[in-house]
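Reader: Could you walk me through one spot in this protein slowly, then show me what surrounds it? I'm new to this, so please explain the terms as you go.

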Amino acid sequence: MTDNFFTGNADLLEVFDKAIPWSTVVRALSGSDGGAGETVATWREVLDLAGRYIATEIAPRAAKVDEIGVIRDNGTVRMNEPMTANLTGLAELGLASPSIPEEHGGSALPFTVAMMLAEMLARADLATQVQHGIGWNSPAALLLRFGSEQQKAHYLPRLAKGEIMGAVAMTEPQAGSDVGRLLTTATPQSDGCYLLRGRKQFISAGQGEFVIVLARAPGSGGLDGLGLFLAEREGDNYVVERAEHKFTIRGSPTCALVFENTRAAPLGTPGEGWKQILTFMNESRLGVGIQGIGVATAAYEKAMEYAAQRVQMGHPIREHPMVADMLLEMRTTVSGARALAYEAAVLQDRVMFGKDKEAARDLRELTPLVKWYGTEGAVRVCRLALQIHGGVGVVDEYDVGRYMRDSLITPVYEGTSQIQSLMAVKDQLKWAMQRPRSLVGGGPSRLLAGASFAGRLGSDFAAARGEVVGMLRDVVGRLVRTRGVGLLRGGAELSEEETGPVLLHAERITEALAHLHVARALAERAKIVPERRALAERAARTARLVAERNRRAIALDDGSVFVQIQEWRRERN
Ligand SMILES: Cc1cc2nc3c(=O)[nH]c(=O)nc-3n(C[C@H](O)[C@H](O)[C@H](O)COP(=O)(O)OP(=O)(O)OC[C@H]3O[C@@H](n4cnc5c(N)ncnc54)[C@H](O)[C@@H]3O)c2cc1C
């Protein structure tokens, strides 16, 4: 096992040294790329330092963090001691909330670098990374965007030092994927503050000193009338009712919060909560995709070590072809997810700091795919790591069971895989209907349509892209046959019956799209690092197989899902 999760991770290092267009990031942050070399060298040093601390201090404490879980003591909820030690150590390195600008006491790291830190932390211990990400980074990101100067001055320096921890509370018992169902209200008072009433559920780091709450104006409905409100816990202003007992990220308190006339200050303009939370969700979804990469890296490294030393039938098991194939699949998934995720992270820096409109459309396309592929890929990689470990895989000392358990939360929170699929496919369809001619060419995605590679890699990529465009063409064709070509001029509202077949297959289309983008990202890297060609070829072949299989599955759809839904509807009525 390496003693540095940055310099000891050849793939991550390659991304940093060869793949990231750093001058673009520096320009987005500071308006010019003067002095970029020095700035980037400093970021590299920060990651080197962090990588050593995370590998040598945090990773060895991960099993203990998991074993102890959350401390529930006399009605209070706390983090356990090894986790507190992890976070204290990060704060001492100046990495509590590393994206906070220097004028507020932070290290002013760009999103791309902060995500590399997050990846290394997730590799060491996902529970600690969640507390770091949700408890420190997320509230800081919201305060930076929407806070008043007074709020920024009050909270950011303390978040930067790790002196206080916050949380972000959207989910309620009846409102998960469907945010519009949330019931918590925020009632304005004559002194400018608001009174919150309601309950929040599954709030990571909810044990902290304050929480940013998504709540609605009394009498409002759906996504209208929502706003963000900041409530301090001091003086039992709200109640941490409990922390859930759970099998995943066991050290991270996932809390139920109760607000009964809780005094809160608005963050930004009440009524704009949905818009506000959407801007934030983009970066947090990329963050969860990157969590998946961290956990998958840990599982892959363990599986590689084990498969090299475990001998069965005269050979180390990695020399048995099926095991070797699993290891190659894991490597392709981890490197592919990483290549795509950091491409998106750079776009996020361009959009967030550089207000770059061209980058915004590409970012919108990649975000749900990074979340989908990074997290579903993590589950797959952990499953394979368990399999490669045989019987010892289920024994606690071997860690892979923890990786498996931790990986399973990632496709659920910050928008489930199904919700990511709906987002990805609805956008592809919208763009395809705006430019129907793209469906007889390279498709509506600028990134995919413009990509071209030589040799076998190029032909597999083109074939996979052809299948994905074919899926979109089939779906749009079906809609046009029922609604006429007027549909293509846009603006038409589609009924549930019309969109049903599209939504049924959204995850199949998303899976193929994600594999295709991963192949593209790895193939672009192979242009810079020729040794990467074999990996890129494997990714392109996989993309082709997935796309062919999924298109076939859509073509063979027999409508039985809708027959069943009708039956359940009849039962309900
Ligand atoms: C450990 C943990 C930490 C969390 N941290 C936070 C936090 O810090 N802050 C916060 O606000 N929330 C947090 N959450 C909540 C999390 O974001 C939600 O659990 C998640 O969004 C899913 O909502 P739900 O659990 O209500 O599931 P539901 O929305 O009820 O979904 C159940 C299933 O139905 C599927 N589904 C729902 N709608 C559709 C649809 N239209 N089409 C297809 N499938 C659909 C989903 O994909 C899922 O498979 C956390 C949750 C957990 C478990």
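Is Gln 434 buried or exposed?

Author: Gln 434 is exposed, because its relative accessible area is 54%, and the cut-offs are under 20% for buried, over 50% for exposed and partly exposed in between (1.4 Å probe, protein chains only). Before we go on, keep in mind that this is a predicted model, where local features need pLDDT of at least 70, side-chain atom pairs count only at pLDDT 80 or more, and totals for chains, interfaces and linings use all residues. Residues are numbered from 1 along each chain as its sequence is written, and side-chain values use heavy atoms, with hydrogens and water left out.

So where are we? Gln 434 sits in helix H12, residues 417-434; helices (H or I, at least four residues) and strands (E, at least two) are DSSP runs, numbered from the N terminus. Go back along the chain from H12 and you reach the loop between helix H11 (400-407) and H12, home of Glu 414. Glu 414 has a positive phi of about 60 degrees although it isn't a glycine, and Glu 414 counts as buried because its relative accessibility is 17%. For a counterpart elsewhere, try Asp 236, whose phi is near 55 degrees, also a positive value in a non-glycine residue. Asp 236 belongs to the loop between strand E7 (226-232) and strand E8 (239-243), and Asp 236 is exposed at 64% relative accessible area.

Back to our spot. Gln 434 and Pro 444 are ten residues apart in sequence, and their C-alpha atoms are 8.8 Å apart in space. Pro 444 takes us to an enclosed space, since it helps line the largest cavity, along with residues including Gln 428, Arg 465 and Leu 513. On a 1 Å grid over the protein atoms alone, a cavity is a set of points where a 1.4 Å probe fits but can't get out; a pocket is an open set with protein on both sides within 12 Å along at least five of seven lines; and lining residues have an atom within 4 Å of a point. The largest cavity holds about 40 Å³ of space, where a volume is the space filled by probe spheres set on points joined across faces, edges and corners. The structure has three cavities of 30 Å³ or more.

Who builds the wall of the largest cavity? Helix H14 (455-483) and H16 each supply at least two lining residues, and H14 has the largest share, four residues. By class, the lining has seven nonpolar, four polar and one charged residues (Ala, Val, Leu, Ile, Met, Phe, Trp, Tyr, Cys and Pro are nonpolar, Asp, Glu, Lys and Arg charged, and the others, Gly among them, polar).

Now follow H16, because 18 of its 23 residues are buried, so it is largely enclosed by the rest of the structure. The 23 residues of H16 should span 33 Å, and its end C-alpha atoms are 33 Å apart, which agrees; the expected span is 1.5 Å times one less than the number of residues. H16 (506-528) also gives at least two residues to the lining of the second largest pocket, as do helices H1 (10-19) and H9 (321-352), among others. That pocket's volume is about 460 Å³. Of its 20 lining residues, Ala 19, Pro 21, Glu 343, Arg 520 and Glu 524 lie nearest the centre. Its lining has twelve nonpolar, no polar and eight charged residues.

Ala 19, in helix H1, is partly exposed, at 31% relative accessibility. Leaving aside neighbours within four places in sequence, Ala 19 is in contact with Glu 14 and Arg 525, where contact means heavy atoms within 4.5 Å.

Across the pocket lining, H9 gives the most, with six residues. H9, H14 and H16 are also among what covers the buried residues of H17, including Leu 535, Arg 538 and Ile 554.

Last stop, the inside. The largest nonpolar core has 160 residues, and Met 330 and Tyr 342 are among those with the most contacts inside it; such a core is a set of buried Ala, Val, Leu, Ile, Met, Phe, Trp, Tyr and Cys residues joined through side-chain atoms within 4.5 Å. Helix H8 (residues 273-309) gives the most to this core, with 15 residues. Not counting residues up to four places away in sequence, Met 330 touches Ala 299, Tyr 300, Ala 303, Val 381, Leu 384, Ala 385 and Ile 388.
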